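Good morning, everyone, and thank you for making room for this short talk. Please have the sequence and the structure open in front of you while I speak.

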Amino acid sequence: MHLIIAEKNIAARRIAEILGGKEKLSTKKDGSVFVYEFGDTRVMGLRGHVVEVDFEPGYDNWRSVTHPPRSLIEAGIIKRATEAKLVSLLQKAARRSDKVTIATDYDTEGELIGKEAYELVRAVNKTVPIDRAHFSAITPEEINRAFAETKPLDFNLAAAGETRQIVDLVWGASLTRFISIAAKRGGGNILSVGRVQSPTLAMIVDREREIEAFIPEPYWMIRLDTEKGGCEIEARHTHGRFKEKADAQASVAASIPPLTVTEVIEGEKNDRAPSPLDTTTLIVAAGRLGYSAANAMRIAEDLYMNGYISYPRTDNTVYSKSLNLKGIVQDLSHGVFAEDGKWVLGNMRAKPTRGKKETTDHPPIHPTSYGSPEKIGEGAWKLYEFIVRRFFATLSPDAKWKTMKVNLSAGTEPYTTTGSTLIVPGYRSIYPYSDAKELNLPELSVGMILPINAVHLDEKETKPPARYTQSRLIQRMEELGLGTKSTRHEVIQKLIGRKYIEGNPLRPTLVGRAVTNTLSTYADTITKPEMTRSLEDHMNQIKDGQKQSANVLAESRDMLNCVFNQLEANEQHIGSDIMEMTVEESIVGPCPVCGHSLRIRRMGSSQFIGCMHYPDCTFNISLPPGTWGGAVRTKEVCPVHSLHHISLVRKGARPWDLGCPLCSHIASNKEALGMIPECSEDLISTLHTHHMYSITDIIGENADDLAKILGISRKKAESLQQSAEGVIACLKRRTEMKKFIRTHITPRRGRSPVKVANTLIEAGVGDITALGKADSALLKEAGVVGEEAETLISEAKKESDSRILRDLGIPAASLKKYLAAGITAPEDFIRTHPAGISIASGVTIETVIKHVSLITDYYSLKSPGKITNAAFRKGRSDLLELPGVGEATLRKLADSGIYDRKSLLAAEDAVPGISEEVLATLKKEAAKA
DNA sequence: GCAAGGTC
């Protein structure tokens with residue numbers, strides 16, 4: 001069997017279609033893996049890299065003393081399968097192959113992916129010949145040619161890719177760990193470092209610094225209004241910017257009639273049709289259409305998967321000769337594009353335009369089939385339409401402009417104005433994305449005298465450089481060689497996810513600035529794009545066989561060791577620097593009690609706002625747990641408390657805006673405070689002026705202090721505190737009931753669990769015990785009826801009973817056994833004799849008696865008599881010896897307190913479930929024995 | 001729990 005391995009499923013399918021020709025193609029799917037078969041050939045697609053480099057085992061603990069971050073530099077590197085299922089299927093096929101062809105993408109990473117496949121094949125099949133097909137487009141011509149002239153795999157090229165992987169892992173992981181540990185960051189809060197992300201972050205930080213350091217300078221510009229035959233013309237002074245206002249004013253004053261046309265220069269300008277699309281250009285254009293970089297790529301990926309456009313990750317801007325451009329235009333000339341498509345066919349330029357970059361892996365991004373707006377969908381249509389029109393434009397003639405430059409003089413002052421008219425629309429008739437505008441000037445000739453309608457002196461200011469937008473940043477990254485077409489937008493997302501940058505356009509956060517500062521002081525290499533450039537140089541040398549991968553890695557490790565010398569010597573310093581710089585982001589505002597700063601603090605998943613002067617000041621505001629979202633401060637500040645508003649942010653959810661934390665704290669505690677009988681409005685406001693907002697604040701205060709604050713006696717203060725504790729207990733029970741209702745009631749329209757609970761609370765049912773005693777009329781009012789109501793009540797009763805039992809001191813393990821035996825309420829323990837309970841539940845008699853005593857003590861009833869385990873066992877076997885006594889009879893007897901011969905003989909009352917005659921017979925038998 | 005690079 002001939003096994004062909006492609007880089008991805010779609011490529012595999014198309015290769016199979018082409019090579020299979022007229023042969024019947026069968027598609028098999030195993031899990032999520034597709035296999036295409038024709039004749040004796042089988043084609044499989046990988047998912048890019050199916051193995052990953054990692055450190056050998058033993059380096060997982062970040063805080064290990066024996067394996068500190070630095071030890072990662074020399075740690076062994078292993079490869080681990082990331083797509084286990086796919087790998088096992090691949091190897092299964094490889095075992096039975098007599099020929100293998102690697103058909104991954106035609107670039108460095110593709111060669112490495114090919115080598116990974118090669119090693120997986122070799123691991124299970126030592127002898128099968130393996131070759132490599134190179135193709136720059138998946139078209140019949142290219143594929144047939146590539147498979148007719150296969151070559152050996154280029155191990156040097158793959159080694160170049162592998163070297164990059166290892167350098168990235170070693171630098172990235174060791175530095176990430178070091179700096180995270182130094183700044184005491186863990187969990188989802190680490191500080192990452194990498195060859196691509198760190199220089200990208202540094203660009204944003206640098207830009208922000210430039211903006212901050214920028215001092216605007218005033219300057220002046222002069223414009224002049226004139227007209228010709230009713231057509232208004234604006235001309236500008238040729239001096240441009242005046243630095244001195246006086247000079248500008250002098251020029252304005254000298255701008256006097258006559259205004260004479262001194263020169264008219266007419267020309268023609270060629271406006272070249274745009275070049276084919278690569279990923280970066282697509283993202284930039286998408287940015288103008290309102291798509292973020294990551295969103296644009298997601299949509300493009302979708303369009304590609306559905307067959308509407310070609311592969312969206314490419315650096316290529318030159319169509320290959322094998323691409324049937326005319327055929328594609330014909331295919332697209334439907335529906336919305338019918339007319340424009342026909343126009344393109346009728347006006348096609350001799351050769352399509354070409355861009356500067358030409359690569360071999362994929363064609364430029366172009367449409368592959370027609371999709372109507374309905375099929376494509378609203379969110380993606382603008383992007384798809386752009387891709388189609390851009391494709392049209394690359395096949396359309398250039399546009400032509402007529403230009404006119406007119407020089408004028410007003411008194412001694414020179415002015416100029418320009419106009420432009422589109423004379424040949426060319427590609428512009430089907431490509432409306434450029435903002436170049438026509439500006440028609442009237443006919444003017446040298447010597448003409450025009451009126452001066454006005455002379456304006458505009459005061460302006462120089463402006464700082466603009467912040468990066470996502471697409472501008474991606475362009476810049478491409479210029480600097482940072483990242484690839486597939487990863488640039490992901491890098492930006494990563495920086496946002498790490499809270500290094502935010503906003504649109506992008507600004508650095510304090511964390512982002514702190515990390516960049518530290519890195520550029522102690523690990524400059526990783527913050528510079530030059531690291532990527534020199535890595536690429538080394539990769540080229542490895543590819544050409546001029547250098548060994550091992551040498552490059554050794555050099556790189558030496559460098560990293562030098563960096564660590566710096567870092568380790570300054571670890572304390574680095575940690576405190578970052579922590580100091582970033583603390584500001586968690587500061588909410590002044591503490592209302594002591595005036596120091598309040599900070600958001602996190603401990604595990606719980607979070608609260610606390611005073612930085614703790615423990616001297618214990619003021620704090622509780623916040624919802626982190627599962628609702630991490631608390632961050634927003635820009636808004638409360639005018640009353642001068643505190644930043646707080647927002648809870650969670651992945652995949654809209655942020656929950658709490659507003660001013662103190663306002664919301666006060667509001668949410670107001671109702672609870674009102675539940676304390678002694679709390680009048682006045683008393684509450686007195687409490688507020690002393691910064692006591694919640695019930696816990698009242699309870700936590702020293703009783704004497706509380707008395708002083710409120711101007712009441714100590715006794716009254718104590719009773720207030722007691723009432724407060726009562727309210728807390730009551731609230732706690734309510735919460736429990738709410739939770740209970742939530743787990744037992746399915747939400748339905750107009751009847752949410754919360755609503756049900758609130759109706760019950762209003763009616764005075766405030767805990768689970770009360771719910772167990774509630775009547776069905778009330779539940780009906782709350783919207784719970786029939787069987788559901790019965791279950792709710794009986795479950796509540798069960799829950800409440802078992803709580804009572806637990807509170808009385810019956811341990812959970814025994815309780816479980818009792819409940820399983822149907823002994824659930826305290827009454828059951830009194831109604832049934834301990835002997836019956838013991839037999840039913842399997843708990844030993846001595847323990848049962850101990851537990852029953854707990855209950856009888858509580859209800860002030862007589863305790864049950866003592867029975868030892870031994871006596872109980874003996875009595876039980878004695879009874880079983882009596883004729884006609886089995887387990888069932890034994891149990892009935894036990895329920896009535898009969899557990900041995902003696903108690904049987906002493907029994908006076910009837911035993912439920914046993915007839916009097918039988919009982920009498922038993923007694924006789926017992927007396928005999 | 002770290003990187004960057006493929007692809008889903």
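I would like to begin with one pair of strands, β18 and β19, where β19 takes in residues 597-603, and these two run antiparallel and are joined by three bridges. If you want a place to rest your eye, look for Ile587, which stands opposite Arg599 in β19. Please keep in mind throughout that this is a predicted model.

Now let us widen the view to the sheet that holds this pair, which is an open sheet of four strands in the order β18-β19-β20-β21, with antiparallel pairing. Which strands stand at its edges? They are β18, at residues 587-590, and β21, at residues 620-622, and because each has a single partner strand, one side of each is left without a neighbour in the sheet. From one strand to the next, the twist averages 25°. For those of you who are new to this, strands of a sheet pair through backbone hydrogen bonds, and they can do so either parallel or antiparallel.

Let me step back to the whole of chain A, which has 36 helices and 24 strands. Its C-alpha atoms fill a box of roughly 140 × 90 × 65 Å along the principal axes, and its radius of gyration is 41 Å, whereas a compact globule of 929 residues would have one near 30 Å. Of those 929 residues, 35% count as buried.

Two annotations from an unreviewed UniProt entry help us to divide the chain. The one that reads "domain: Toprim" covers residues 1-136, and over that stretch the chain is 30% helix and 29% strand, with the end C-alpha atoms 26 Å apart. The one that reads "domain: Topo IA-type catalytic" covers residues 154-564, and there the chain is 44% helix and 17% strand, with the end C-alpha atoms 35 Å apart.

Finally, let us turn to the DNA. How many residues surround DNA strand B? There are 38 of them, and the closest are Gly48, Trp62, Gly172, Ser192 and Gly194. The elements that give two or more residues to this surface are α1 (9-20), β5 (51-55) and α5 (155-182), and of these α5 gives the most, with eight residues. If we sort the residues of the surface near DNA strand B by character, they divide into eight nonpolar, 17 polar and 13 charged.

Note on methods: Residues are numbered from 1 along each chain as its sequence is written. Chains are lettered from A and ligands numbered from 1 in the order in which they are written. This is a predicted model: local features need pLDDT of at least 70, side-chain atom pairs count only at pLDDT 80 or more; totals for chains, interfaces and linings use all residues. UniProt positions are given in the numbering used here, feature names are shortened, and annotations may be inferred rather than shown by experiment. A residue is near a molecule or strand if its C-beta atom, placed from the backbone, lies within 6 Å of it. Ala, Val, Leu, Ile, Met, Phe, Trp, Tyr, Cys and Pro count as nonpolar, Asp, Glu, Lys and Arg as charged, and the others, Gly among them, as polar. Two strands pair if DSSP finds at least two bridges between them. Axes are lines fitted to C-alpha atoms, for helices over the stretch in contact, and angles run from 0 to 180 degrees between N-to-C directions. The radius of gyration is taken over C-alpha atoms; the globule rule is 2.2 Å times the number of residues to the power 0.38. A residue is buried if 20 or more other C-beta atoms lie within 10 Å of its own, exposed if 12 or fewer, and partly exposed in between; C-beta atoms are placed from the backbone.
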